[in-house]
Amino acid sequence: MATEKIIPAKKIDGKLSVPGDKSVSHRALMLAALADGDSVIDGLSTAQDVHRTADCLRAMGIEIAADGFATVVRGKGKDGLQQPAKVLDAGNSGTTMRLLSGILAGQRFASTIDGDASLRARPMERIVKPLQQMGAEISTQNGKAPLTIRGGKLAPISYEMTVASAQVKSAVLLAGLFAEGETSVLQPSVSRDHTERLLRHMGVPVSSEKNRIALQAAPLQAGKIVVPGDFSSAIFWMGAAFLLPDSNLSLYNVGLNATRSYALKIMQRAGARLALESIDLHNGEEMADLVVASSQLQAFSISGKEVPLVIDEIPLLAVLASQAEGTSRFEDVGELRIKESDRIHTIVENLQKMGARVREWQDGFEVEGPTKLHGAHLDSHGDHRIAMAFAIAGLVAEGESLIEGAEAAGVSYPEFFQQIEELVTF
Ligand code: S3P
């Protein structure tokens, strides 16, 4: 276990590119593998999670090769995957396991997909149920991984989701590629829509009307995919720039898909200074350069339908709340309890260790700010976003902090601790 020492920072400034969007990268690899012919993916994420997806696809006979900034995937068509010789390993990656299960459900072979201790503790019934309804045979360990999937020709369904989860939606839509007729999902509220956008880009008809998304199976066209910078990684640097005095930071080509970047709106309402430059669009995904600067923040609140749109940014937003004037409330965030760690608990525990005033309940918490944080011995609990959010908290605290399990950052952002050294003035 790596422990990182974080000392108080004076300011953060400079220009940087964050790794490619993790959600888009998983989808780009999977869809390119199912397409006919070679696809070139620009800016694929360096995240360990994304390597897991690539390795699972390789284990099913797909060639994936890095060529500088580009990654070439030799797609073999929808029916081109081969039975893997061993158990597929999704590691820590919920997206790998849940989305790939949708594809495995449509294969004529049986396969098993497993993950690390954290992933084995996360609920899989939410994808198993609709995939079984479509005709796949799936066995689980009490609703959890490892999953053994015996796939085949699937029947289309019209599935009413109970949680606004992009992973559930995507698993059903990807299985729909192997069903004849229209497969649709009705989501309780909007969740990230990268799957829909990329499927359309690759020639699959996908309609989306309010919260009902429908797909007709079609061959996928290989081509070029540009992965934007990961908003969920950029948020850590944005947070550091807001909180440290005299800071000014430019972040290049950050993905701004509205179903992902709602935290920008919340931050603007809280008084954050930020601007967008060079707005661009590739394969249906908006991206722009973000310019951020030191800001005086007011308390903010998040609840209901906003939650899925900021779900991965909440650890960092909670750190910001500790420095904002007033009480910030995070309501209806029960899904955080079943992420890579119980994030309500790991956020609250670490904030309290640093002296913040925090109150927790079953599906939420509130933070009363501003409090001058003090350095503390913190624990990532093996969760990448907790490691990074509390590294930023450590930069704005008084005294030294230790982050135990800091290596977890590599799950989404292997370069993170190195870039702190490059961007921060101590
Ligand atoms: C993701 C969806 C979200 C998110 C996760 C990535 C995706 O999970 O928290 O980090 O790529 O589809 P849920 O679908 O469980 O909300």
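This is a walk through a predicted model, from its ligand site to its helices and a few unusual backbone spots.

Let's begin at the ligand. The residues around it are Ser23, Arg27, Thr95, Arg98, Ser165, Ala166, Gln167, Arg192, Ile311, Asp312 and Lys339. Sorted by class, this shell holds five charged, four polar and two nonpolar residues. Three side chains are worth clicking on. In Arg27, an N or O atom of the side chain is 2.6 Å from an oxygen atom of the ligand. For Ser23, the distance from a side-chain N or O atom to a ligand oxygen is 2.7 Å. Ser165 places a polar side-chain atom 2.7 Å from an oxygen atom of the ligand. On its own the ligand has 390 Å² of accessible area, and the protein covers 94% of that. Among the secondary-structure elements, α1 (22-34), α3 (94-104) and α6 (166-176) each give two or more residues to the shell.

Why does the ligand lie between two domains? Domain 1 (3-20 + 228-425) and domain 2 (22-226) both give residues to the shell, so the ligand sits between them.

Next, look at two helices. Helix α8 covers residues 231-243; at 1.5 Å a residue its 13 residues should span 18 Å, and its end C-alpha atoms are indeed 18 Å apart. This helix is mostly covered, with 13 of its 13 residues buried. At the N-terminal end of α8, Asp230 acts as a cap, with a side-chain oxygen 2.9 Å from the backbone nitrogen of Ser232.

Helix α13 (residues 384-396) also has its own cap. It has 13 residues and reaches 19 Å from its first C-alpha to its last, close to the expected 18 Å. Because 13 of the 13 residues of α13 are buried, the helix is largely enclosed by the rest of the structure. Its N-terminal end is capped by Asp383, which has a side-chain oxygen 3.0 Å from the backbone nitrogen of Arg385.

Further along the chain is Ser401, in strand β23 (residues 401-404). Its relative accessibility is 0%, so Ser401 counts as buried. A polar atom of the Ser401 side chain lies 3.3 Å from the backbone nitrogen of Ala376.

Now for the cis peptide bonds. One runs from Ala145 to Pro146, with omega near 0°, and Pro146 belongs to strand β9 (residues 144-150). Ala145 also has a partner to look for: its C-alpha atom is 7.9 Å from that of Arg122, although the two residues are 23 apart along the chain. Arg122 is in the loop between α4 (117-120) and α5 (125-133), and its relative accessibility of 5% means that Arg122 counts as buried. Another cis bond joins Gly369 and Pro370, with omega about -5°. Pro370 is in the loop between β21 (364-369) and β22 (377-379).

Finally, which residues have a positive phi although they are not glycines? Asn142 is one of them, with phi about 50°. Asn142 is in the loop between β8 (137-141) and β9, and at 79% relative accessibility it counts as exposed. Ser278 also has a positive phi of about 50° without being a glycine. Ser278 is found in strand β16 (residues 273-282), and with a relative accessible area of 53% it is exposed.

Notes. Residues numbered from 1 in each chain as written. Predicted model: local features only at pLDDT ≥ 70, side-chain atom pairs only at ≥ 80, totals over all residues. Heavy atoms only, no water. Near = heavy atom within 4 Å. Polar contact = N/O pair within 3.5 Å; in protein donor to acceptor, adjacent residues only side chain to side chain. Areas by Shrake-Rupley, 256 points an atom, 1.4 Å probe, with all protein chains shown as cover. Helix = DSSP H or I, 4+ residues; strand = E, 2+ residues; numbered from the N terminus. Nonpolar A, V, L, I, M, F, W, Y, C, P; charged D, E, K, R; others polar. Domains from an automatic or database assignment. Expected span 1.5 Å × (residues − 1). Buried < 20%, exposed > 50% of the residue type's maximum accessible area, 1.4 Å probe, protein only.
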